[in-house]
Amino acid sequence: MRPWTVAGKIKHPNGEYTITYAARGCITFIEARRRLIPHANGEGGWLHTSYVIIRPDGSEKEYMRLRDAQRAVEEEENHA
């Protein structure tokens, strides 16, 4: 696996954030998106993180684990 580094971070006051990961030589990058999901009763919420690969054409695919997203990008890059 290639080494992935943090290329950018955006934090929001409600606890949400977006972290962008990049690897040298890859044209596709990964965003870790932590979002506030409201509770059904409308009081408070919980934070959910998903990992989205963003391709150069703008298409996206979501994964539940960073490792799975990294593998998907590397497989795509190796077969391109």
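This briefing covers the overall build of the protein and then the surroundings of Ser 50. The model is predicted, and its secondary structure consists of one helix together with five strands. Read from the N terminus, these elements follow the order β-β-β-β-β-α.

**Overall build**

- Computed along the principal axes of the model, the box filled by the C-alpha atoms comes to roughly 45 × 25 × 20 Å.
- The protein has 80 residues, of which 32% count as buried.
- Among the contacts in the protein with a separation of 6 or more, 24% are made by residues that lie 24 or more positions apart.

**Surface and charge**

- The accessible surface of the protein amounts to about 5500 Å², and carbon and sulfur atoms contribute 50% of that area.
- The protein carries 12 positive and 11 negative charges, and the mean positions of these two sets lie 6 Å apart.

**Surroundings of Ser 50**

- Ser 50 belongs to strand S4, which covers residues 45-54.
- Ser 50 counts as buried because its relative accessibility is 7%, where the cut-off for this class is under 20%.
- When neighbours within four places in sequence are left aside, the residues in contact with Ser 50 are Glu 31, Ala 32 and Arg 33, along with Glu 62, Tyr 63 and Met 64.
- Glu 62, one of these contact residues, is also joined to Ser 50 through a polar contact of 2.9 Å between the two side chains.

Conventions
Residues numbered from 1 in each chain as written. Predicted model: local features only at pLDDT ≥ 70, side-chain atom pairs only at ≥ 80, totals over all residues. Heavy atoms only, no water. Helix = DSSP H or I, 4+ residues; strand = E, 2+ residues; numbered from the N terminus. Buried < 20%, exposed > 50% of the residue type's maximum accessible area, 1.4 Å probe, protein only. Polar contact = N/O pair within 3.5 Å; in protein donor to acceptor, adjacent residues only side chain to side chain. Contact = heavy atoms within 4.5 Å. Areas by Shrake-Rupley, 256 points an atom, 1.4 Å probe, with all protein chains shown as cover. Lys, Arg positive; Asp, Glu negative; His and termini not counted. Charge placed at Lys NZ, Arg CZ, Asp CG, Glu CD.
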